[in-house]
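Hello,

Please find the structure below. My notes on it follow.

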Amino acid sequence: MSETWQLSCICPGVCPAVLVPLRGPGPHGPYLRPLDILAEVVPSDGATSGIRIVQVHGARGLQLSAAAPRTMSFPASRIFSRCDLFPEEFSIVVTLRVPSLPPKRNEYLLTVVAEESDLLLLGLRLSPAQLHFLFLREDTAGAWQTRVSFRSPALVDGRWHTLVLAVSAGVFSLTTDCSLPVDIMADVPFPATLSVKGARFFVGSRRRAKGLFTGLVRQLVLLPGSDATPRLCPSRNAPLAVLSIPRVLQALTGKPEDNEVLKYPYETNIRVTLGPQPPCTEVEDAQFWFDASRKGLYLCVGNEWVSVLAAKERLDYVEEHQNLSTNSETLGIEVFRIPQVGLFVATANRKATSAVYKWTEEKFISYQNIPTHQAQAWRHFTIGKKIFLAVANFEPDEKGQEFSVIYKWSHRKLKFTPYQSIATHSARDWEAFEVDGEHFLAVANHREGDNHNIDSVIYKWNPATRLFEANQTIATSGAYDWEFFSVGPYSFLVVANTFNGTSTKVHSHLYIRLLGSFQLFQSFPTFGAADWEVFQIGERIFLAVANSHSYDVEMQVQNDSYVINSVIYELNVTAQAFVKFQDILTCSALDWEFFSVGEDYFLVVANSFDGRTFSVNSIIYRWQGYEGFVAVHSLPTVGCRDWEAFSTTAGAYLIYSSAKEPLSRVLRLRTR
């Protein structure tokens with residue numbers, strides 16, 4: 001073992017800190033190099049050791065459960081060469097994937113065990129709801145095992161996660177996927193003199209068969225003397241942030257370099273289905289379907305088949321596919337899928353009845369009518385296996401009461417049924433989102449009587465009552481739309497403010513979630529903002545606002561202008577703010593919709609009024625890199641209010657709603 005990987009020790013008052021061989025340059029001065037524990041136990045004869053390499057969600061990990069515990073171990077003296085005391089301050093970095101754990105089951109990720117006595121000196125143990133850090137504490141009264149437990153329900157979800165456990169001066173800190181750390185001030189600090197003389201490191205076990213780790217491990221690193229979090233975070237891919245991983249997990253195992261012979265069994269839990277389109281549910285997640293008729297390979301992602309291999313498609317032209325007659329003028333549309341049932345669109349209609357339509361034989365047909373009160377928008381969302389559809393009602397009901405309603409899908413009736421009514425004030429929009437496993441709904445309250453400066457409300461799902469309850473209020477001015485998005489570990493919510501009672505020239509605000517609530521992050525000057533659309537191209541993140549009207553009642557001559565710029569902003573990571581990227585001239589824009597065809601990206605705007613007529617063209621813009629978005633198609637629309645993009649195995653489509661006629665149109669995107 002080379003000197004680089006030997007731990008000379010930080011032993012207070014016992015061994016001098018002979019750490020020069022372990023130091024390297026860093027942005028804040030010298031640092032200790034990481035000790036790759038996982039690399040220490042990967043033997044050269046991997047084919048006979050029971051270790052398997054498995055690829056899931058694009059990343060490779062080691063499956064250790066078939067290996068003998070002794071095989072996955074090494075003597076502590078290998079890295080504690082000159083001093084047998086474990087560092088008092090250190091970090092353990094783990095990247096793992098755990099599909100599921102039975103109730104009350106405990107599995108060991110890492111242990112340090114005394115060879116003769118079988119005492120557990122130090123360990124990291126995972127249960128279905130908690131991560132436990134164990135260590136042996138000794139004093140004059142004797143020795144006992146101490147446990148520090150972190151709640152970690154989000155770890156057992158079949159996805160990759162990177163954890164940093166930092167131990168320092170009586171504080172135990174756990175950071176998951178570069179999110180905010182969870183700190184525990186323990187009554188019993190980690191011992192300053194924990195001897196590992198005569199001990200062994202075990203990876204994935206506690207020396208015995210019971211408690212073997214059955215998931216995948218990609219990274220297991222000990223960093224003595226410091227918190228590893230600044231070395232990993234922020235990261236563009238926080239669940240797979242890397243400090244040090246074994247070489248065998250870095251290279252493409254299917255393509256040996258320099259004629260190297262593969263020594264490790266390599267497998268991936270991938271299945272390819274042939275024939276007609278199969279269902280895409282949690283069971284088929286990350287599995288493939290090959291459509292021989294279209295020569296396309298599709299991947300099941302989030303209940304939707306996504307094309308991953310096909311002849312490169314380019315948008316050629318747009319053609320009318322279906323004229324969808326609606327109950328009345330349509331103010332908003334929502335396209336969604338119900339697993340094993342089909343594709344649907346919900347229309348928010350001006351009059352007393354809105355409707356849900358089902359895609360059948362390449363067109364939408366009427367499926368269910370739902371009573372509403374000048375509905376403005378629908379929002380589809382799921383909580384576990386529950387499927388919901390929330391409507392934003394603008395007007396009061398027959399009793400003069402203002403309620404928006406959440407409907408729940410009945411698997412028995414195959415219909416949406418009323419589930420919960422929530423008091424709202426001229427509601428314009430609902431936004432559903434999830435943060436750290438908790439579910440939320442935000443309503444855009446537009447006005448109360450003539451007062452546009454009122455609170456909009458964020459509701460939180462209570463698993464005990466199975467209802468949404470008010471969680472936070474945010475002051476808004478004629479709120480029209482909410483948009484939620486995440487950047488790395490951070491969650492954002494942006495509101496489109498339209499009117500403050502005297503002017504449409506009002507600021508719309510972006511909020512960031514910190515310490516359990518949304519706090520102001522950035523403000524944007526907007527003009528009757530009606531919609532926000534967030535989208536990503538490569539590593540670049542954009543926000544587009546639809547400005548509808550420039551009006552100020554205090555001006556002597558009213559500036560009644562509808563032909564104004566809508567704006568695209570881009571996230572500047574260095575400045576930690578969105579900065580203006582492009583102005584696009586629009587005609588009372590009410591909606592943006594982002595979509596892609598092949599390798600091309602597009603934005604379509606809902607132009608509704610130019611000051612003279614509602615018969616104005618809505619425009620499709622194509623992303624052209626340095627040029628930004630460039631107009632490529634002009635689509636005749638009448639009072640266009642909302643756009644939605646969707647796709648089926650037959651092709652890609654757009655649907656738009658009209659606020660001026662009882663007719664929505666489905667357009668097909670023809671490719672070449």
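**Backbone: a hairpin turn and a cis peptide**

In the hairpin of β13 and β14, 5 residues lie between the strands, and D177 among the hairpin residues takes a positive phi near 50 degrees. This is a predicted model, in which local features need pLDDT of at least 70, side-chain atom pairs count only at pLDDT 80 or more, and totals for chains, interfaces and linings use all residues. Residues are numbered from 1 along each chain as its sequence is written, and side-chain values use heavy atoms, with hydrogens and water left out.

D177 is not a glycine, and it sits in the loop between β13 and β14. Helices (H or I, at least four residues) and strands (E, at least two) are DSSP runs, numbered from the N terminus. Strands β13 (residues 171-176) and β14 (residues 182-185) run antiparallel and are joined by 4 bridges; two strands count as paired if DSSP finds at least two bridges between them. Within this pair, F172 stands opposite I184 in β14.

The other backbone point is the peptide bond from C233 to P234, which is cis, with omega near 0 degrees. P234 belongs to the loop between α2 (229-232) and α3 (247-250). For reference, most residues other than glycine have a negative phi, and most peptide bonds are trans.

**Two open sheets**

One open sheet has 4 strands in the order β35-β36-β37-β38, with antiparallel pairing. Its edge strands, β35 and β38 (517-527), each pair on one side only. Neighbouring strands of this sheet are turned by 20 degrees against each other on average, direction ignored; axes are lines fitted to C-alpha atoms (for helices over the stretch in contact), and angles run from 0 to 180 degrees between N-to-C directions. β35 and β36 pair over 8 bridges in the antiparallel sense, and F485 stands opposite F492 in β36.

Another open sheet of 4 strands has the order β43-β44-β45-β46, again with antiparallel pairing. Here the edge strands are β43 (589-597) and β46 (629-638), each paired on one side only. The average turn between neighbouring strands of this sheet is 20 degrees, direction ignored. Strand β45 (residues 615-623) pairs with β46 over 9 bridges, in the antiparallel sense, and N617 stands opposite P636 in β46.

**Salt bridges**

How many salt bridges does a search of the whole structure find? The number is 17, where a salt bridge is a side-chain nitrogen of Lys or Arg within 4 Å of a carboxyl oxygen of Asp or Glu. The side chains of D600 and R314 meet in a salt bridge at 2.5 Å, N to O. D600 lies in strand β44 (residues 600-607) and R314 in the loop between β21 (304-309) and β22 (315-325), so this pair ties together parts that are 286 residues apart in sequence.

**The second largest pocket**

The second largest pocket has a volume of about 910 Å³. A pocket is, on a 1 Å grid over the protein atoms alone, an open set of points where a 1.4 Å probe fits, with protein on both sides within 12 Å along at least five of seven lines; lining residues have an atom within 4 Å of a point. Grid points are joined across faces, edges and corners, and the volume is the space filled by probe spheres set on the points.

There are 29 lining residues, and those closest to the centre of this pocket are V487, G488, Y490, L571 and V573. Strands β35 (479-487), β36 (490-497), β39 (529-537), β40 (540-547) and β41 (563-572) each supply at least two residues of the lining.

Regards
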